[in-house]
Structure formats: C-alpha cells, structure tokens
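Student: Could you take me through one part of this structure in detail? I'd like to see how a single piece sits among its neighbours.

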Amino acid sequence: MPDSQLFDTVCGLIRSVVKLDEAVTITPESSLVEDLGVDSLDLVSVFLEVQDAYGVAIDEDDLAGLVTVGDLVDYVFDRQASQAA
C-alpha cells in the first residue's frame, strides 16, 4: 500500500506540470484528464516527471490503465516494490 508521501509527491508533480491551483483538491480518485484537466501533452510530461522522480519506467502498454491519480500512485508503488525484490 502506497504511503501518503508518495501520493503527496505525485500530486506535487502533477500540480507543477499542469500548473494547478493549490485550491484544487486532488484525491486518489481524481481523474487525471476529466477532473484535473491534464491534456495529452501534459500527461506525457507528468509521466516523465514521475519516472525521473522515482526511477521507474512507465510501460507504454500500461498508460491506458493510468486514469486516476490513485492508479498512477499504485503503479509507481508496485514498480518500486518489484524493483526492490
């Protein structure tokens, strides 16, 4: 289970890339596209920032499944866990 620090860091990366106002609430259920207004170009930037921050590769085949912030956080957590094993 991902910790809150991972969630907070991913949210910070999203806010930075998309330039979201601090008043916008991000939850694990927030849709990257529909709720946060992340367009396709920003989405690529978010994924690249997450990859750089956590040293995990986001497989192109997995992109369609990363719909919510929680999906992305869980993905990073699982990738880190599999790299550590």
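Student: How many residues does helix α3 have, and how far does α3 reach from its first C-alpha to its last?

Tutor: Sure, let's zoom in. This is a predicted model, where local features need pLDDT of at least 70, side-chain atom pairs count only at pLDDT 80 or more, and totals for chains, interfaces and linings use all residues. Residues are numbered from 1 along each chain as its sequence is written, and side-chain values use heavy atoms, with hydrogens and water left out.

Helix α3 covers residues 69–84, so to speak a run of 16 residues, and reaches 23 Å from its first C-alpha to its last. That is close to the 22 Å expected at 1.5 Å a residue (the expected span is 1.5 Å times one less than the number of residues). Helices here are DSSP runs of H or I, at least four residues long, numbered from the N terminus.

Now look at what is tucked away. V69, G70, L72, V73, Y75 and V76 of α3 are buried (under 20% relative accessible area, with a 1.4 Å probe and protein chains only). Their cover includes α1 (4–18) and α2 (40–54).

Next, T68, which lies in the loop between α2 and α3. T68 counts as buried because its relative accessibility is 17%. Leaving aside neighbours within four places in sequence, T68 is in contact with P28, E29, S30, S31 and L32 (contact means heavy atoms within 4.5 Å).

Back to the helices. Two packed helices are described by the angle between their axes and the distance between the axes. The axes of α1 and α3 come within 10 Å and cross at roughly 120° (axes are lines fitted to C-alpha atoms, for helices over the stretch in contact, and angles run from 0 to 180 degrees between N-to-C directions). That angle makes α1 oblique to α3 (under 35 degrees is roughly parallel, over 145 roughly antiparallel, 65 to 115 roughly perpendicular, and the rest oblique). On the α1 side, L6, F7, V10, C11 and I14 meet V69, L72, V73, V76 and F77 in α3. Those contact residues divide into ten nonpolar, no polar and no charged (Ala, Val, Leu, Ile, Met, Phe, Trp, Tyr, Cys and Pro count as nonpolar, Asp, Glu, Lys and Arg as charged, and the others, Gly among them, as polar).

Finally, α1 also packs with α2, at an angle of about 140° and with their axes 9 Å apart. So α1 is oblique to α2. The residues of that contact divide into ten nonpolar, three polar and two charged.

Terms used. Helix = DSSP H or I, 4+ residues; strand = E, 2+ residues; numbered from the N terminus. Buried < 20%, exposed > 50% of the residue type's maximum accessible area, 1.4 Å probe, protein only.
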